[in-house]
Structures are given as C-alpha cells and as structure tokens.
Amino acid sequence: MDIRPCIKYVGVNDHEIDLFEGQYIVPNGMAYNSYVIIDQKIAVMDTVDACFIDRWLDNIESVLDGRTPDYLVVQHMEPDHSSGIQAFADRYPEAQIVSNAKAFPMMQAFFGEDYASRRILAADGVTLSLGERTLAFVTAPMVHWPEVILTYIPEEKLLFSADAFGKFGALDVEEEWDCEARRYYIGIVGKYGAQVQAVLKKAAGLDIECICPLHGPVLTGDGITNALTKYQIWSTYAVEDKGVTIAYASIYGHTAAAAIELANTLEETGVTVEMFDLARDDMAEAVECAFRYDRLVLAASTYNNDVFPFMRTFIDHLTARNFQSRTVAFIENGSWAPAAQKVMRGMLENSKNLTYVNNNVTIKSALNDDSSAALAALAQELMAE
Ligand code: FEO
C-alpha cells in the first residue's frame with residue numbers, strides 16, 4: 001500500500017490477539033502501522049508488536065529495492081510499536097535510531113541497549129532532512145506515554161501521529177471509524193485530555209492533508225475533519241450525543257430487571273439508551289458510552305455493605321479518566337441494609353461538574369409497586385433533562 005509514491009505502508013494486521021494491552025477485546029483485530037519513507041535517505045517509522053517482527057522486516061525488505069534504511073524513527077516506546085527495535089538495529093547496523101531523549105532509557109530498560117553510538121535526538125524544533133523531504137519533530141508527552149513524538153513532513157503536508165487518531169480494528173476489516181476510535185481513545189488516552197489539547201494546538205499550526213497513525217486507517221479529507229472534531233470533544237470531556245447510558249451490576253437479576261424497566265420506559269419516548277450488564281458486557285464499551293452521552297444511570301446491588309464489585313470497577317474506570325460534566329442517577333438494591341448508592345456517590349465525589357437527579361431509586365430485594373413508581377419518576381426526570 002502506497003500512502004504517497006515515496007511513502008510505503010509496512011505494518012501488519014493482527015487477528016490472533018485476544019486482548020489488546022492485556023485488557024481490551026478487539027473483535028476486528030488490531031493493526032500495528034509502520035511506514036517507510038523513501039528519499040535520498042530512507043526512514044522507517046516505528047516497528048510493530050513482538051509477534052510480527054519477522055513479517056514486518058520482510059515488508060520493509062520488499063519496498064527497499066535493494067537499498068538499506070538510514071533511520072528508524074521511534075515515536076513511541078509502548079511494546080506494540082517498539083518491539084522490533086532490537087531486531088531492526090541488528091539487521092541494519094549502519095542505521096541510526098531517531099527518538100526523543102526520554103525514549104532511550106526505555107530502550108535500555110526493554111532491550112539492555114540505549115544505542116548511544118547511533119542515536120539522533122528528536123525534540124520540538126528538530127528537523128532531519130531525507131533529501132527532498134524533511135522530518136520535523138513535535139513532542140506529544142502523555143499521548144500516550146511521556147516520550148511520544150509526532151513527525152511532520154511539510155513537503156507532503158503529512159503527519160505521522162503516533163497513537164493519536166488511532167483506533168481498534170485491523171485494516172482489512174471495513175468498519176465505521178468513530179465507534180472503535182472512541183472506545184480506543186476513551187480507554188487508552190481518556191485520562192490525558194489536557195495533553196491531547198496541547199497536541200491539537202500544535203497540530204493547528206500545521207498544514208495537514210494526511211494523517212498516518214500507528215493504529216487504524218490513514219486519514220485524509222473529511223476523515224481528518226471528523227477526527228479533529230471528535231478529538232476536540234473527547235479531550236474536553238464535552239457531551240458528544242444526547243442519550244442515557246444505563247450500567248448495571250446485578251446478582252440475581254432483580255437490579256437488572258429495574259434497569260431494563262427504566263430502559264424500556266425511556267426508549268418508548270424516543271430517548272437513546274445504551275444499557276450494559278457490567279459483569280457480562282464489554283466494560284470498555286460501557287465506559288465509552290458513559291463519556292459519549294449526557295446522562296448516566298448506575299444501578300447496583302449492595303454487597304458486603306459496599307457496592308457489587310463490577311460496579312466498583314466501572315466507577316474506577318470512569319474516575320481514572322476524569323469523568324465529569326454529566327447528569328448521574330442511582331438505582332440501588334439491598335435486602336436488609338441498602339448501601340450501594342452511598343458508596344457509588346462517594347466514589348464520584350471528586351468528579352467535577354456532575355449533576356445528580358432527585359429521584360434516585362432504592363429497591364428492597366425485588367421491584368414492587370413503590371419502587372416501580374419511583375423508577376417511573378426517575379424516567380420522567382431523565383426525560384426532562
Ligand atoms: Fe499503540 Fe500507546 O501504544
């Protein structure tokens with residue numbers, strides 16, 4: 001695949017992975033993108049996951065036309081992109097390693113080698129000429145590790161964006177960009193909204209016609225406009241769509257029944273509802289929806305005078321990513337001493353700008369006429385939002 005006549009794709013699709021980053025399901029696999037820029041000098045942009053190093057080296061070889069690379073640019077040291085550094089350095093001993101100063105100690109830690117005799121330091125304002133084209137480096141700390149750099153080629157109006165603007169999913173599967181880009185962003189970069197904002201400000205000063213991320217498709221035209229719009233929303237924790245996320249953690253199904261009754265009432269009036277069983281559904285998608293929509297209902301059983309553990313985990317995921325600026329409602333269940341609502345609310349006490357509804361619901365074991373009426377009142381309040 002040619003990105004430009006001088007820029008070749010040499011990444012790989014991974015359909016063997018069970019969990020990306022050891023935690024995220026990826027039903028459509030994952031892509032580890034890598035690119036080769038062929039000019040008077042040749043630069044390889046990043047490496048791939050450890051399982052695919054031989055295939056990646058073969059891909060590189062297939063576009064070199066007998067030449068050898070001059071540079072390996074390491075934009076990010078997370079192992080899904082850095083695992084091939086040692087193999088590359090061994091195969092091409094004349095090539096130099098180009099990366100941020102913070103990356104070389106990480107190479108020492110991962111590979112026992114910091115390439116001191118063959119390194120080039122990349123930082124803001126540093127450029128590297130390949131001949132007709134220039135690599136201009138831009139630091140992007142915490143998007144999503146501290147050593148991250150982006151690389152801009154002004155002559156091509158092209159930005160290599162590291163993890164930014166990436167998504168879950170291999171490149172040989174057709175799917176909408178937004179959904180898996182959002183789940184990826186909120187899950188992996190969601191905590192670092194301020195840092196993403198800083199990168200967006202740097203990117204605004206560049207004339208960009210093409211974005212080459214480390215995951216997901218190359219973006220051009222409307223794809224760039226859409227990605228920048230979404231990143232502006234996501235990195236400021238703004239509401240993306242009107243709707244209600246209902247997340248429930250139920251032991252014997254009674255709390256689930258309340259969540260379903262509420263969902264049905266809301267949907268009958270045309271409200272968009274996304275509902276998740278936190279014990280069985282993809283937690284990362286539930287987190288994604290909590291950030292996407294403006295209203296969140298947390299429904300949980302009491303357990304050990306605390307909240308049922310799946311809900312505790314879910315709220316931990318939210319607060320770790322700076323959950324804020326949403327309307328929140330609680331449904332709690334408890335057979336003798338309901339405590340879940342107090343625990344859930346306490347877990348959110350440091351979250352900014354949350355609005356709590358008035359009609360929270362307490363169930364004693366199973367729904368009855370009183371708690372069903374309370375659910376109806378909650379539905380009314382949520383519909384009025
Ligand atoms: Fe795709 Fe942060 O690694």
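These legends accompany close-up views of a predicted model. Residues are numbered from 1 along each chain as its sequence is written, and side-chain values use heavy atoms, leaving out hydrogens and water. Because the model is predicted, local features need pLDDT of at least 70 and side-chain atom pairs count only at pLDDT 80 or more, while totals for chains, interfaces and linings use all residues.

**View 1. The largest pocket, with β20 and α8 in its lining.** Let's start with an open space: a pocket is an open set of points on a 1 Å grid over the protein atoms alone, with protein on both sides within 12 Å along at least five of seven lines, and its lining residues have an atom within 4 Å of a point. The largest pocket holds about 360 Å³, where a volume is the space filled by probe spheres set on the points, and grid points are joined across faces, edges and corners. Of its 18 lining residues, Ile 251, Thr 302, Gly 334, Ser 335 and Trp 336 lie nearest the centre. Strand β20 (293–303) gives the largest share of the lining, three residues. By class, six lining residues are nonpolar, 12 are polar and none is charged; here Ala, Val, Leu, Ile, Met, Phe, Trp, Tyr, Cys and Pro count as nonpolar, Asp, Glu, Lys and Arg as charged, and the others, Gly among them, as polar.

**View 2. The second largest pocket.** About 160 Å³ of space lies here. Its lining includes Lys 167, Glu 174 and Glu 175, along with Trp 177 and Pro 217. Five of the lining residues are nonpolar, two are polar and three are charged.

**View 3. The one cavity of 30 Å³ or more found in the whole structure.** In contrast to a pocket, a cavity is a set of points where a 1.4 Å probe fits but cannot get out. This one has a volume of about 40 Å³. Around it are Ile 186, Ile 233, Trp 234, Tyr 237, Ala 238, Phe 291 and Arg 326. Six of these lining residues are nonpolar, none is polar and one is charged.

**View 4. Helix α8 (residues 254–268) and Ala 258.** Helices (H or I, at least four residues) and strands (E, at least two) are DSSP runs, numbered from the N terminus. With 15 residues, α8 reaches 21 Å from its first C-alpha to its last, close to the 21 Å expected from 1.5 Å times one less than the number of residues. Its buried residues (under 20% relative accessible area; exposed is over 50%, partly exposed in between; 1.4 Å probe, protein chains only) are Thr 255, Ala 256, Ala 258, Ala 259, Leu 262, Ala 263 and Leu 266. They lie on the same side of α8, because they cover an arc of only 160° around the axis, taken from the directions from the helix axis to the C-beta atoms. Ala 258 has a relative accessible area of 0%.

**View 5. Helix α10 (residues 309–320).** The end C-alpha atoms of this 12-residue helix are 16 Å apart, in agreement with the expected 16 Å. Met 311, Phe 314, Ile 315 and Leu 318 are buried in α10. Their arc around the axis is only 95°, so they sit on the same side of α10.

**View 6. Cys 179 and Cys 289, two cysteines without a bond between them.** Why is there no bond here? The sulfur of Cys 179 is 7.4 Å from that of Cys 289, its closest cysteine sulfur, which is too far; a disulfide is a pair of cysteine sulfur atoms within 2.5 Å. The count comes to zero disulfides. Cys 179 is partly exposed at 27% relative accessible area, whereas Cys 289 is buried at 3%.
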